[in-house]
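Biologist: Could you take one part of this model and go through its surroundings with care, from its own residues outwards? I would like a single connected account rather than a list.

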2 protein chains.
Amino acid sequence: MKNVDEKFMNLAYLQAQKALLEDEVPVGCVIVKDNQVIARAYNKRESKKSSIAHAEILAIQKACKKLNSWRLIDCTLYVTLEPCPMCAGAIILSRIDRVVIGALDPKGGAIVSNVQLFDQKNFNHHPKVTYGVKNNECSSILTNYFKSKRK
Amino acid sequence: MKNVDEKFMNLAYLQAQKALLEDEVPVGCVIVKDNQVIARAYNKRESKKSSIAHAEILAIQKACKKLNSWRLIDCTLYVTLEPCPMCAGAIILSRIDRVVIGALDPKGGAIVSNVQLFDQKNFNHHPKVTYGVKNNECSSILTNYFKSKRK
C-alpha cells in the first residue's frame with residue numbers, strides 16, 4: 001500500500017507543479033479506481049476566478065463525468081494538501097472510499113486539523129484517511145510558493 | 001430586515017420549486033448584493049450527475065462569473081435548507097458576508113447542526129447567520145418530496 005500510495009501521490013504532486021507554472025497556489029489531486037487514474041486536476045482559483053475551483057472539486061467533477069455518476073464508489077482521492085471544509089464535504093457527498101493526503105493544513109484543513117468532518121456521526125459516509133505521504137515535497141512546494149510571493 | 005429576508009427567501013423557494021419539477025431534491029438559493037439578486041440556482045445533482053451540483057455551489061459559480069471575481073464581498077446568500085459541509089465551506093471561501101437559511105438540516109447541516117463551520121477560529125472568514133426564515137414552507141417542500149418518493 002505504501003509504495004502504491006507514493007506512486008499516486010507523485011502524480012498528484014505533478015499536478016501541483018502545473019499549478020505553480022500558472023501562478024496558482026500549488027495543490028494537485030488525482031482520483032484512482034481499480035489502480036487506474038480516472039481524473040487529475042490542480043487548483044485554478046485565479047484563472048477561473050472562482051473559489052470553487054480547488055484541485056479536489058475539479059478532479060471530482062472530472063471523475064463524475066468519466067463514470068457518468070455522482071457516486072464515486074471504490075475510488076481513492078490523492079491530494080497534496082489536507083482538504084478544506086468544501087472539498088472534504090464534496091468527498092463525503094461523492095462517496096469516495098479513501099483519501100490520501102500529503103501535507104496537513106493546520107489553518108484550513110477539515111479532516112485531521114480544526115474539525116474532523118469524516119468523523120461526524122450524523123453524516124452518511126465516512127471515508128478512510130491516510131496522511132503524511134510524501135509530506136516534505138507536498139509541504140515544500142507550498143512554502144516556497146508563499147515565500148516567493150512575499151518577496 | 002425581516003421583510004427583506006422573507007422577500008428574498010421567497011425567491012429561493014421559487015428555485016426549490018423548479019428543482020421539484022425536475023425531480024431533484026427541492027433546495028433553492030439566491031445571492032443578493034446591494035438589494036439586487038445577482039445569482040439564482042437550484043439543486044441539479046441528478047441531471048448533472050454530480051455531487052457538486054448543489055444549489056449553493058451553482059449560485060456561487062454564477063455570482064463569481066457575474067462579479068468577475070472569486071470574492072463575493074458584501075453578498076448575502078439565501079438558501080431554503082441549511083448548507084452541508086461542502087456548501088458551508090464554499091461560502092467561507094468566497095467571503096460571503098451573511099447567510100440566511102430557511103429550514104435547518106439536523107442530519108446534514110454544518111452551520112447550526114452537527115458542526116459549526118462558521119465558528120472555527122482558525123478559518124479566515126466567519127459569515128453571519130440567520131435561520132428559520134419561512135421555515136415551514138422550506139421544510140414542507142422537502143418532507144413532501146421524500147414522502148412521494150417512498151410511495
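**The H4 helices and their surroundings**

Modeller: In this predicted model, the buried residues of H4(A) pack against helix H3 (55-67), strand S3 (75-81) and strand S4 (98-103) of chain A, and also against H4 of chain B. Helix H4 of chain A covers residues 85-93, and since 9 of the 9 residues are buried, the helix is largely enclosed by the rest of the structure. The buried residues are A:Pro85, A:Met86, A:Cys87, A:Ala88, A:Gly89, A:Ala90, A:Ile91, A:Ile92 and A:Leu93. Just after H4(A) comes A:Arg95, which takes a positive phi of about 60 degrees.

The helix H4 of chain B can be described in similar terms. Here 9 of the 9 residues of H4(B) are buried, so H4(B) is largely enclosed by the rest of the structure, and the residues concerned are B:Pro85, B:Met86, B:Cys87, B:Ala88, B:Gly89, B:Ala90, B:Ile91, B:Ile92 and B:Leu93. Their packing partners are H4 of chain A together with H3, strand S3 (75-81) and strand S4 (98-103) of chain B. Just after H4(B), B:Arg95 has a positive phi of about 65 degrees.

The two H4 helices pack on one another at an angle of about 160 degrees, and their axes are 7 Å apart. Because the angle is over 145 degrees, H4(A) is roughly antiparallel to H4(B), and the crossing of H4(A) and H4(B) is left-handed. From H4(A), the residues A:Pro85, A:Met86, A:Gly89, A:Ala90 and A:Leu93 take part, and they meet B:Pro85, B:Met86, B:Gly89, B:Ala90 and B:Leu93 of H4(B). By type, the residues of this contact between H4(A) and H4(B) divide into 8 nonpolar, 2 polar and no charged.

Within chain B, H4(B) also packs with helix H3 (residues 55-67), at an angle of about 25 degrees and with the axes 9 Å apart. As this angle is under 35 degrees, H3(B) is roughly parallel to H4(B), and H3(B) passes H4(B) in a left-handed crossing. On the H3(B) side the contact is formed by B:Glu56, B:Ile57 and B:Ile60, which meet B:Met86, B:Cys87, B:Ala90 and B:Ile91 in H4(B). The residues of the contact of H3(B) with H4(B) comprise 6 nonpolar, no polar and 1 charged. B:Met86 and B:Ala90 appear in this contact and also in the contact between H4(B) and H4(A).

B:Ile60 leads on from H3(B) to the nonpolar interior. The largest nonpolar core has 102 residues, and those with the most contacts inside it are A:Ile31, A:Ile60, B:Ile31 and B:Ile60. In soluble globular proteins, nonpolar side chains tend to be buried together. Leaving aside neighbours within four places in sequence, B:Ile31 is in contact with B:Gln36, B:Val37, B:Ile38, B:Ala39, B:Ala59, B:Ile60, B:Ala63, B:Leu72, B:Cys75, B:Thr76, B:Leu77 and B:Ile96.

One of these contacts of B:Ile31 is B:Ile38, whose place is in strand S2 (residues 36-42) of chain B. B:Ile38 counts as buried, at 13% relative accessibility. When neighbours within four places in sequence are left aside, B:Ile38 is in contact with B:Ile31, B:Lys33, B:Ala63, B:Lys66, B:Leu67 and B:Cys75. The C-alpha atoms of B:Ile38 and B:Ile52 are separated by 20 Å, the two residues being 14 residues apart along the chain.

Another buried residue of chain B is B:Gln15, at 6% relative accessibility, and its place is in helix H1 (residues 2-21). Not counting residues up to four places away in sequence, B:Gln15 touches B:Gly28, B:Cys29, B:Val30, B:Arg40, B:Ala41 and B:Tyr42.

As for the connection that precedes H3(B), B:Lys49 is found in the loop between helix H2 (45-48) and H3 of chain B. B:Lys49 has a positive phi of about 45 degrees although it is not a glycine, and with a relative accessible area of 37%, B:Lys49 is partly exposed.

Definitions and conventions. Residues numbered from 1 in each chain as written. Chains lettered and ligands numbered in written order. Predicted model: local features only at pLDDT ≥ 70, side-chain atom pairs only at ≥ 80, totals over all residues. Heavy atoms only, no water. Axes fitted to C-alpha atoms, helices over the stretch in contact; angles between N-to-C directions. Helix = DSSP H or I, 4+ residues; strand = E, 2+ residues; numbered from the N terminus. Parallel < 35°, antiparallel > 145°, perpendicular 65-115°, else oblique. Left-handed = near helix turned anticlockwise from the far one by under 90°. Contact = heavy atoms within 4.5 Å. Nonpolar A, V, L, I, M, F, W, Y, C, P; charged D, E, K, R; others polar. Core = buried A, V, L, I, M, F, W, Y, C linked by side-chain atoms within 4.5 Å. Buried < 20%, exposed > 50% of the residue type's maximum accessible area, 1.4 Å probe, protein only.
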